[in-house]
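Colleague: I'm new to this one, so could you take me through a single part in detail? I'd like a close look at the place where the ligand sits, and then a little about what else is worth finding in the model.

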Amino acid sequence: MLRFVNYSTHFGVSEQFVVILQFDYKNPKDMAQKEDVFKKIVSHAKEYGFVFPSSEIYDGLGAVYDYGQNGVELKNNIKRYWWEAMTLLHENIVGIDSAVFMHPTIWKASGHVDAFNDPLIDNRDSKKRYRADVLIEDEIAKIDDKIDKEIAKARKRFGDSFDEAMFRQTNPRVLEHQAKRDALHARFEKAMNANDLAELKQIIVDQEIADPISGTRNWTDVRQFNLMFKTQMGSSSDSTMDVYLRPETAQGIFVNFLNVQKTGRMRIPFGIAQIGKAFRNEIVARQFIFRMREFEQMEMQFFVRPGEELRWFEYWKEHRLRWHKALGLGDEKYRFHDHEKLAHYANAATDIEFQMPFGFKEVEGIHSRTNFDLSQHEKFSGKKIQYFDPELNQSYTPFVIETSIGVDRMFLSVLCSSYEEQVLEGGDSRVVLHLPKVLAPVKCAILPLVRKDGMPEKAHEIMQMLKFDFACQYDEKDSVGKRYRRHDAIGTPYCITVDGQTVEDNTVTLRDRDTMQQVRVAIDELPAIIGRECSLNTLLRKLS
Ligand code: GAP
C-alpha cells in the first residue's frame with residue numbers, strides 16, 4: 001500500500017513527503033513477502049534490545065529466549081495493563097503469586113500427568129522429532145494452498161466478474177482437491193478424538209509424508225509424549241521426590257482457592273489473577289516467541305455459582321476482546337475461534353486469535369471449566385473445597401471461567417502489528433515501531449541539539465522534571481536525525497529537542513513518532529501532553 005504524507009521539516013532532517021510501505025496480509029502479492037517481514041521483525045527485535053536467543057554465545061537453546069533492555073520494559077507494560085485491568089477495575093478480583101514448584105499430586109489431580117501429551121514421531125534418518133498431528137495438519141494446509149492458488153489464478157483471469165463461490169462449486173480441480181482435503185481431515189479428526197496413535201502413523205504413511213529435512217519416509221511409530229518438565233526435589237537419595245515445572249499457572253490458583261476466599265472474605269462471584277512463568281517441553285517449537293519452552297502466562301480464574309457459568313463466559317469473552325481492542329492494533333486483526341471439540345471438563349471454550357504474519361493464531365483462551373479442577377483437588381487432597389453461599393444458604397463447589405493469555409504471544413502480536421518500514425522522500429528510510437504509546441519502553445527522548453551553549457544542562461533539567469512519571473532517555477550522541485531514527489526503531493512516541501531558543505524562552509520542539517510532525521511547546525506543557533497519550537490511566541478508562 002502506498003500513502004503520501006506531507007510534513008514540515010526541522011533542523012534540516014528530511015522528513016518531508018513520505019512514502020509509506022505497509023504489508024496487507026490479505027493481498028496474495030504481499031503474502032509472498034510475509035515470511036520475509038517476519039524474519040525482519042525477529043532480527044529487529046534482536047538488534048534493538050527487545051528479544052535475544054537464550055544462551056547465544058553457546059549457540060542458543062531451542063525455543064528459549066531472553067528479553068533485552070527494551071523488551072523487558074514492553075513486557076512489563078503489557079503485564080501492568082493486564083494486572084491493573086483485572087485487579088483495579090474489578091473490585092472482586094484479587095491477585096496472587098504462587099510458586100512454580102507444587103506438590104506432584106496436583107498434576108495427577110489436574111490430569112496433566114496422564115493426559116498432557118502430544119503424539120510424537122521420529123524420522124530415523126534425520127533423527128528429528130515431529131508432532132504427528134502437526135505433520136498431518138501441514139499436509140492439509142498444503143491442499144488448502146493448492147485450492148487458494150487455483151482461486152488466485154482464476155481471479156486474475158476473470159477480474160471483477162470473478163465469482164469465487166461459484167468457482168469453488170464447479171471447478172473440477174478445486175473439487176478434487178476439496179474432496180481429498182475433506183476426507184483427510186475427517187480421518188485425522190477421528191484418529192485424534194479416539195487417541196488412535198496407530199491410525200495417525202497410517203495416515204502419515206498413506207499420505208506419503210516425507211521428513212522435510214532428510215526427505216525420507218523412514219518413520220518410527222507414533223508415541224505419546226508428556227510435555228511437563230520433571231526434576232527432583234530433596235537433598236538425600238531416599239528423600240528425593242519427582243516434581244514438575246508447572247505447565248500452567250492456573251493450578252496455583254485452584255489450590256489457593258480457600259486461602260484467598262477465607263482470608264480475603266471474598267464472596268462469589270470473584271476472581272483470582274496471577275502472572276507467572278510456565279514450562280512446556282514443546283516437541284515442535286517454532287515461530288520465534290510464539291511457541292516457547294519457558295513462557296509467561298496471565299491467568300484469571302473467576303468463581304461463580306453453578307448454572308451461572310455460561311452467562312459469565314459470555315461476559316469474559318466480550319470483556320477480554322475489549323481489552324485487546326482498546327490498544328488500537330486494529331479491530332480487524334482479532335477473531336474468536338469457538339472450540340467445537342471440548343475438553344471433557346469444559347462446557348464452553350473459545351480462543352481469541354490475532355492476525356500474525358503467519359496467519360490467525362491463538363493469543364488467549366477463555367474456558368468454562370465447570371467445577372472440574374476444584375472437585376479433583378477435593379478428591380485427591382481429601383480436603384473439603386466448598387463455598388458457603390450466604391444468599392442461597394447452601395454450600396457448593398464453585399464453577400470456574402478461566403481467561404488465560406500468554407504474555408509472550410501478546411508481546412509478539414504488539415511487535416508484529418507495530419513494525420513498519422518507510423521510505424522517505426530523497427531516498428532516506430526508517431523502520432518505525434508504532435507501539436501503543438502506553439506500552440512503549442521509552443516514552444520520551446530528550447535531545448540537546450548540540451553539546452554546548454547550555455543545551456545539555458537544559459535537557460537534563462527537563463529530564464529531572466519528567467523522569468518521575470515517564471520512562472525518559474537522555475541522548476546527545478550523533479546528529480539529531482540519527483537520534484530520531486534510533487527512537488523510531490524502538491517505538492519512542494515523543495522526541496523532545498532542546499535548541500538555542502529553548503535556552504531563551506523555555507520552549508522545545510516535540511516530535512511525534514507516527515506523524516513526524518514537530519510542534520513548539522512550552523516545557524511546562526510537556527507533562528500534560530505526554531501524560532494524556534502515554535498514561536495507563538487513559539487506557540484503563542476506555543475499559544470501564
Ligand atoms: N490454563 C489454561 C491454559 O494453560 P493453554 O491454551 O494451554 O491454556 C493459554 O494456554 C495461553 O498460554 C495460550 O493462549 C498462549 O497464549 C499461551 N501459551 C501456551 N503455550 C505456549 C507456549 N509454548 N509458548 C508461548 N505461549 C504459550
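Modeller: Let's start at the ligand and then move on to some helices and loops. Keep in mind that this is a predicted model.

How many residues surround the ligand? There are 20 of them, and the closest are Glu248, Glu282, Glu299, Glu362 and Val363. If you sort the shell by type, you get ten charged residues, five polar ones and five nonpolar ones.

Now zoom in on the nitrogen atoms of the ligand. One nitrogen lies 2.6 Å from a polar side-chain atom of glutamate 248. For glutamate 282, an N or O atom of the side chain is 2.8 Å from a nitrogen atom of the ligand. Methionine 292 joins in through its backbone: a polar atom there is 2.8 Å from a ligand nitrogen. As for how covered the ligand is, it would expose 560 Å² taken alone, and the protein buries 91% of that.

Which elements give two or more residues to this shell? They are β12 (294-304), β15 (359-368) and β18 (399-406). Of the elements in the shell, β15 gives the most, with five residues. So if you want one strand to color while you look at the ligand, β15 is a fair pick, because it supplies those five residues.

Next, have a look at two helix pairs. Helix α6 covers residues 132-158 and helix α8 covers residues 172-193. Their axes come within 10 Å and cross at roughly 160°, which means that α6 runs roughly antiparallel to α8. The crossing of these two, α6 and α8, is left-handed.

The other pair is helix α3 (residues 69-87) with helix α19 (residues 536-543). Here the axes are 11 Å apart and the packing angle is about 45°, so α3 is oblique to α19. This time, for α3 and α19, the crossing is right-handed.

Finally, there are two backbone details to find in loops. Isoleucine 268 and proline 269 are joined by a cis peptide bond, with omega about 5°. To find proline 269, go to the loop between α11 (257-263) and β11 (270-279). The other detail is glutamate 208, which has a positive phi of about 55° although it isn't a glycine. Glutamate 208 is in the loop that runs between α9 (197-206) and β8 (223-226).

Technical notes. Residues are numbered from 1 along each chain as its sequence is written. This is a predicted model: local features need pLDDT of at least 70, side-chain atom pairs count only at pLDDT 80 or more; totals for chains, interfaces and linings use all residues. Side-chain values use heavy atoms; hydrogens and water are left out. A residue is near a molecule or strand if one of its heavy atoms lies within 4 Å of it. A polar contact is a pair of N or O atoms within 3.5 Å; within protein, one must be able to donate a hydrogen and the other to accept it, and residues adjacent in sequence count only if both atoms are side-chain atoms. Accessible areas come from the Shrake-Rupley method with a 1.4 Å probe; for residues, only the protein chains shown count as cover. Helices (H or I, at least four residues) and strands (E, at least two) are DSSP runs, numbered from the N terminus. Ala, Val, Leu, Ile, Met, Phe, Trp, Tyr, Cys and Pro count as nonpolar, Asp, Glu, Lys and Arg as charged, and the others, Gly among them, as polar. Axes are lines fitted to C-alpha atoms, for helices over the stretch in contact, and angles run from 0 to 180 degrees between N-to-C directions. Angles under 35 degrees count as roughly parallel, over 145 as roughly antiparallel, 65 to 115 as roughly perpendicular and the rest as oblique. A crossing is left-handed if the near helix is turned anticlockwise from the far one by less than a right angle, and right-handed if clockwise.
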